[in-house]
Amino acid sequence: MQQDSANRKEDSNVAMSDCEGQTMDDSASAASSMEVTDRIASLEQRVQMQEDEIQLLKSALADVVRRLNLSEEQHTVGTRKGPTKARPMIATLPLRPTVNNGTVLPKKGTLPSPSGSGSRKDASMPTNKSTVRRANSNEHVGTLTRKDSGDSKSNRTRAGSTGSNSSGKRTSESKQKDPVFNAGMRRVTHCKEEGYVKMYLKGRPITMYMPKDLVDSYCLEAKADLPHKKLKLDWVYGYRGRDCRSNLYLLPTGETVYFIASVVVLYNVDEQLQRHYTGHTDDIKCLAVHPDKITIATGQVAGTSCDGKLAPHVRVWDSVSLNTLHVLGTGFFDRALVCLAFSKSNGGNTLCVVDDSNDHVLSVWDWQREDRLAEVKCSNESVFATDFHPTDSNIIVTCGKSHLYFWTLERSTLVKKQGLFEKQEKPKFVLCATFSENGDTITGDSSGNILVWGKGTNRISQAIQGAHEGSVFALCMLRNGTLVSGGKDRKLISWDGAYQQIQMVEVPELFGPIRTIAEGRGESVLIGTTKNFVLQGSLDGEFIPITQGHTDELWGLAIHPVKAQFLTCGHDRQVSLWDSSSHHPLWIKNLEDAAQSAGFHPSGAVVAIGTQTGRWLVLDADSKDLVTVHTDGNEQLSVIHYGPDGNFLAIGSHDNYIYIYAVSESGRKYNRVGKCSGHSSFITHLDWSVDSQYLVSNSGDYEILYWIPSVCKQVVSMETTRDISWSTCTCTLAFQVFGLWPDGSDGTDINAVCRSNDSRLLVTGDDFGKVHLFSYPCSQFRAPSHVYGGHSSHVTNVNFLFDDSFLVSTGGKDMSVMQWRIV
């Protein structure tokens, strides 16, 4: 290492002298730059090698600490005579230092996650994942990736693998005789003599012992069966109003149409029925309804799947049959689609679309022939809306940051005229546009003004100064000629033909600013808000929410033990208890901290919520009143589970500890028993045994540890742990579930697992927005599954309702909750 250090200094001096030479000789600047880059890359490689050496030293130290712990543990068990005060103690267990889930290999050093790290995922997830594998790594096993950013995905992926070459243990194991399956970064072997399966994730060995009664009969090569049941999307909770516009309409069928994640929802409020268009593969960002009120166009962002990249495109589909009619622009659009509109006057034969490329290209399509008629660079600034003139299908209006453009389609060319603000102060953003009955264009802007532009001109004919306090987000022209505007001030104002105010109503602060307005039945209007509410009401009455959801990343999901209810919580600090039958929240409570996890007490009387700050609180499940609040550490609490008998609570933290509390008075009184210490990375999942005597945990570095929670001691005897019956199955690493891991997985692809209450089904949520349904147990390599899309972000949690009638899944960045019927 000293030699490396000397070399590094020498290379550093050379690099610096090269930099100086670069300034002296301009003609050689390009070559010098290349040399500097090469030397920097070489230095980075050496630094990485030194990091790896340090990591091995940490591993050795962790192994020594573990051995000391085991020695102390044996001594404790040997000298302990009676039960502890925490609860009547179970019979003394043989804690012999055999195998610790096979991971006797030295662990990596302690890997605390950065305080305040948001979560385990980020929107740029696939990019982050690709950076995990270093091109210049010389080591034999997966590297440890460190990132300084609060990027939450890296919180998980940086817990890399431990090199099997760093330990001389278990070298006598005859690997040549064991069946081996290879799949990218994942390899599986079976040792029949000792009755275990060993799976390698990113080079890290994970040993999973099977129950004794399977040792003789188990065959790794046997084929698993598809599950006997399937899932059908039953209900989607939530609406995307936070950052999308003009995405709410009423169809003649009485259905309200809007989108969230990659699902378009057609919601009949009167009949309380939803239908879903699920043709998209990633986030939908814009929606337009054809003049025939049946055909709908929706545009999505570029995405990623386990198979690679997904191109942004527009789908034109039938809202009656839900069949896709046409797919436009695959390979043409860039990044995402931001807005689109059908023409009005020529039978709706053309469609205009603006994408999210640097130039925000405006294109016009004959959508029935899937033919692009024209395209033009619209603006290098954001574009918020586009629409065809109602009486001239050759005129298109676009608006956005610092611009309003009137486009004329002449043959295959779009000619631009810029809106002239003249004496009117030019607003920073023109946010929305619509048309009056006589063909005038009407715009709303960030200065709170509504401007009228004379038909066929690019000049202002009338201005309503200060129509709103703050931005005008939405304009809607009703059938009777009344203009309705909505804004950041949460006011909904109606205007007559002369643009005189008729009436005004203010939407309560709870619902947030008005994002979009649509005409409803009769006198009613529909409103989408920036807090993701869809409201129904009239211009002189109050508004009631018909759809609502979360407004930030969603992680916590808890199922009521005896009722058809479930609870969700997330980074928006909102906790919601939902009725799965009425599809409405029974109550909503706002917290001081972002929430990360949740779990009901077996009685159903209280529910515990874990936050991102180390604080956890217990709420009354009926009244939502606060029962108690505690703090353990200062990092996020990833998982919080009550034991089946209700006498203990286990809390898994990102500080690598599991905190144990004794619970009494039906979940109203808590006394800390201690903390389980042994993991070298953050806790990801926990399960209790049926008798509440044992706990199993997974961590970010793919470790499986077993515990006696009443005394916070680790159990290392696989003879003790292999036949334990587990009350739940949420750990992603276990013999009963290892078949769910996909080929080429890096160990972070699966976020959540849940076994059905009848122990016949297993469901997973992954990084690619997919919900997989497997048969349980899932202990065969490459087990087959039914796969379901709908989420457009990593699926953060999945769980069956208490009676297995439905499955609930939560999306991370897409903020959606989806309820699936088991059929």
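## Val771 and its neighbours

Let's start with Val771. Leaving aside residues up to four places away in sequence, Val771 touches Leu231, Val763, Thr764, His786, Val787, Tyr788, His791, Val795, Leu807, Ser809 and Trp820. Keep in mind that this is a predicted model.

## Two nonpolar cores

Val771 also turns up in a wider group. The largest nonpolar core has 41 residues, and those touching the most other members are Leu231, Phe566, Val763, Val771, Phe800, Leu807 and Trp820. Which strand gives the most to this core? That would be strand S5, residues 231-237, with five residues.

There is a second core too, separate and made of 37 residues. Met199, Ile206, Cys731 and Tyr776 are among its members.

## The sheet from S20 to S23

Now for some strands. In general, the strands of a sheet pair through backbone hydrogen bonds, in either a parallel or an antiparallel way. One open sheet here has four strands in the order S20-S21-S22-S23, with antiparallel pairing. Its edges are strand S20 (383-388) and strand S23 (413-418); each has a single partner strand, so one side of each has no neighbour in the sheet. From one strand to the next, the twist averages 25°.

Look inside this sheet and you'll find strand S21 (residues 395-400) paired with strand S22 (residues 403-410) in the antiparallel sense, over six bridges. Gly400 has His403, in S22, as its bridge partner.

## The sheet from S6 to S9

Another open sheet of four strands runs in the order S6-S7-S8-S9, again with antiparallel pairing. Strand S6 (249-250) and strand S9 (273-277) are at the edges, and because each has a single partner strand, one side of each is left without a neighbour in the sheet.

S6 pairs with strand S7 (residues 255-260) in the antiparallel sense over two bridges. To spot this pairing in the structure, find Leu250, which stands opposite Thr256 in S7.

## Ile284, buried or exposed?

Ile284 sits in strand S10, which covers residues 284-289. So is Ile284 buried or exposed? Buried: its relative accessible area is 0%.

What surrounds Ile284? Not counting residues up to four places away in sequence, Ile284 touches Arg240, Cys244, Phe259, Ala261, Ser262, Val263, Val264, Thr298, Gly299 and Gln300. You can also compare distance along the chain with distance in space: Ile284 and Pro312 are 28 residues apart in sequence, and their C-alpha atoms are 9.6 Å apart.

Methods:
Residues are numbered from 1 along each chain as its sequence is written. This is a predicted model: local features need pLDDT of at least 70, side-chain atom pairs count only at pLDDT 80 or more; totals for chains, interfaces and linings use all residues. Side-chain values use heavy atoms; hydrogens and water are left out. Two strands pair if DSSP finds at least two bridges between them. Axes are lines fitted to C-alpha atoms, for helices over the stretch in contact, and angles run from 0 to 180 degrees between N-to-C directions. A nonpolar core is a set of buried Ala, Val, Leu, Ile, Met, Phe, Trp, Tyr and Cys residues joined through side-chain atoms within 4.5 Å. Buried means under 20% relative accessible area, exposed over 50%, partly exposed in between (1.4 Å probe, protein chains only). Contact means heavy atoms within 4.5 Å.
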